[in-house]
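Reader: I would like to take a close look at a single part of this protein, with the terms explained as we go.

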Amino acid sequence: MPIRIATMLFLIWVISSPLLAQEIPPIPATDYEVVDDLSYSQSTAQALWEPMGRTKPVSIVHVGGRNALRMPCQFQGTGVERASWDRRLNLDLAWCTGLQFLFYCRDATPVSNFTVYLHSGDGWYRSDFSPSATTTWTPVQIRKKDMAVEGRPAGWGRVDTIRISAWRGQDVDTEFYIAALGMFGKGGKIAIVRNDSVAGSAPGELDTVKRYTDVMAQFLDRAGLSYVVASDVDVTAQRLKGTSLVILPYNPKMPDSAVDAIARFLREHGKLIACYHLPKDLEPAVGIRNGGHVPQKYAGYFSSIRPSEKPLEEMPPVTGQNSWNINEMSPVAGRSYIAAWWHAADGQSTGKPALLVSDNCICLTHVLTPDDRANKLRLLLAMAGHWVPELWREAANGAMERIGRLGPYEGYDAAYRGIQELASSPSNALSVLQSADERRKQGLALLSEGQFSPAMMAAEDAQQAMIRAYCLAQTPSPGEHRAFWCHSAFGVEGMDWDCAIKLLADNGFTALLPNMLWGGVAFYRSEVLPTSATVSEKGDQIALCLAACRRYGVQCHIWKVNYNMGSATDKAFVAQKKAEGRTQVNADGSPNDRWLCPSHPENQKLEIESMLEVARKYEVDGLHFDYIRYPDRDGCFCPGCRARFEAAIRRKIKNWPADVRNEGELATQWWDFRRQQITTVVAAVAEQARQIRPGIKISAAVFPNWPADRDAVGQDWKLWCERGYLDFVCPMDYTSSGSHFQHLIQPQLVWAGKVPCYPGIGLSTWSDTTDICRLIEQINVTRQLKTGGFAIFNYGATEAAQILPLLGEGMTRKKWGPQTQ
């Protein structure tokens, strides 16, 4: 009898088990340093991996003799915002590239995104990741350079906790597995020092610090050079041993300990590249003096970097860089010299130093920006190669190996065959492909002769030709909606509206969404919102843009930033709204002065009337909502919100705002109240704008995860589609991962129902804003899913120069059929 009961219990467990171990694919072998192989018991696993809140505990599963960790995500009917687990584990990641593990999830659809957090000191490092496959184990690499900073972490060398989170996407249960938790990418001749310590001294600088660290890392990646990104709080003389070159990409305020360590590193024959900021205490060590801040006299004043009479070897004759200011450093006689000058857009020298060189340091007087990538790469290699000549060989070999690594292809042979198959014959694609092959052969010959710089240039030329051939081999999809958001009310820098719109039309785009008004400012002559002072100088931007759109047959959907007043709004207007009790207050009582409160009747009226004014005054094709939401869960809890909410539910709130933030009926009523405030504005604009201008289209840029975001920010866009308020919707699916992009869109098409859903592609938010191959991949995803169109963020100078022409040669080509010679 006991045996029969045990057998029955086992069968029940088998039937109820969501995923059996034998259904999990075999765990692949790893070649990196594993710090947790999960070789412990079930009870130990549950003690080590502590679940947060109502998250269910982990469990160990055995797969082919190896252990994996099962992490259940119980979202259905629970209201759980995320499933999260903390693993206490002391890690020294100071001098490695990042964290790595194996990941498997058969159905990631219920999860909006996965996040890894690393706790250190009084803060966290954070990075999202996206699984690239659902049928096999995926290696996940969390690179330190990609991780954002929260709070005040004590450095990568003092990580004490790993947190893994799966954020709710749908009200459906799922589970995922991890294995072989470890580190990768130790060592290297180059150390990029990231100024993480500004989190404590100047937190407003954090995003800028990360941005220019990323730019530097991207160029080193493109050059194929190994490096480590180190936090300034981790820099010590001991850790710098074995490093040849330290790079400071943007380090406005370094801790004394890091500066002292770098000074010792320089005394021991180390080399330094410093961009924009040279720590003052390093001036005697490097023989270069800091100077004053020099802003550009006019747009294009600091336009390019050109060699002096004593240049760096192999630096390009002209390197484009549109800088807006510099730090006017100066050489010390007998110790340093000027290797390059800043030149204006007209080619004339400004007389301002761009590069200064001493016996152990090169200073660039501004940050390294990502424009003119080919010449910028050569400039950086000239700087690094000046100190470490063997880097030229490494870079040239790496560049040759990378030819053909583009789009879906892993290398040259695969890319050559793949592009041949894509292209029609005869075609421009095949001709350009042949030129790429010839340039590659030239590069290999140069490399064999030890001519590393020319070989590198040949490899770069070959890769760019391969990319162009790939673009030429693409085919357009006729009839689709192709749009760009344009964040600047003045269009593309360096172009007037006529030129910018013509370029869109010539390259097959059908619509533009220009940002012409915010919560507190309009870039046209408005009688509802304050008109920007720039309008008197530069003209009515809606009128100028609309005229160009009409001339070239491009739809014009005017983009309104709702509630958020932005930096362009006059301070007096912001102060007035705050005095009137019309700005937001966070849950902790702190003010959020640049956001209008969505529940205030006068703010709702302002939002509605400002959008209707556009429909009355201009023959636009559409009105486009953006920021039509609350900032986050922390807004708004102003006294007016409390009074209006209490009136709506006909009861007083005893503990405000705590009672409405706790789970239960009151919280549900609060979420409903917030949604109603936002929906009221959408409904009113949709109804009245259609009466004012029949045929006008109403659309919205929305957060991608409707089930979670309807509560988190009050954005109930599925309801807006169901009720016909929207004519199309653009979820902002801003991920560089093609698989995650597809994963986001699939449920969105269901939520949008009969309303066209044109996914937003976040090109300008990617680390490489010129990645045309990744853009093609995401456009192809929209075609595979039959969305009928897409919208790309953002239409700027880089996109106009480097993206649009390549799309227009294939993917969005106006003329259907092959590109012939």
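Reader: How many cavities of 30 Å³ or more does the structure hold, and what surrounds the space inside?

Author: This is a predicted model, in which local features need pLDDT of at least 70 and side-chain atom pairs count only at pLDDT 80 or more, while totals for chains, interfaces and linings use all residues. Residues are numbered from 1 along each chain as its sequence is written, and side-chain values use heavy atoms, with hydrogens and water left out.

The structure holds one cavity of 30 Å³ or more, a cavity being a set of points, on a 1 Å grid over the protein atoms alone, where a 1.4 Å probe fits but cannot get out. About 70 Å³ of space lies in the largest cavity, the volume being the space filled by probe spheres set on the points, which are joined across faces, edges and corners.

Its lining (residues with an atom within 4 Å of a point) includes Thr109, Val111, Ser112, His743, Leu744 and Trp751. Two or more lining residues come from each of β7 (111-120) and α23 (738-752), where helices (H or I, at least four residues) and strands (E, at least two) are DSSP runs numbered from the N terminus. The most is given by α23, with five residues.

Turning to β7, this strand belongs to an open sheet of six strands with antiparallel pairing, in the order β2-β5-β11-β7-β8-β10; two strands pair if DSSP finds at least two bridges between them. Nine bridges join β7 to the antiparallel strand β11 (residues 159-168), and among the partners there, Ile162 of β11 is bridged to Leu118.

Methods: On a 1 Å grid over the protein atoms alone, a cavity is a set of points where a 1.4 Å probe fits but cannot get out, and a pocket is an open set with protein on both sides within 12 Å along at least five of seven lines; lining residues have an atom within 4 Å of a point.
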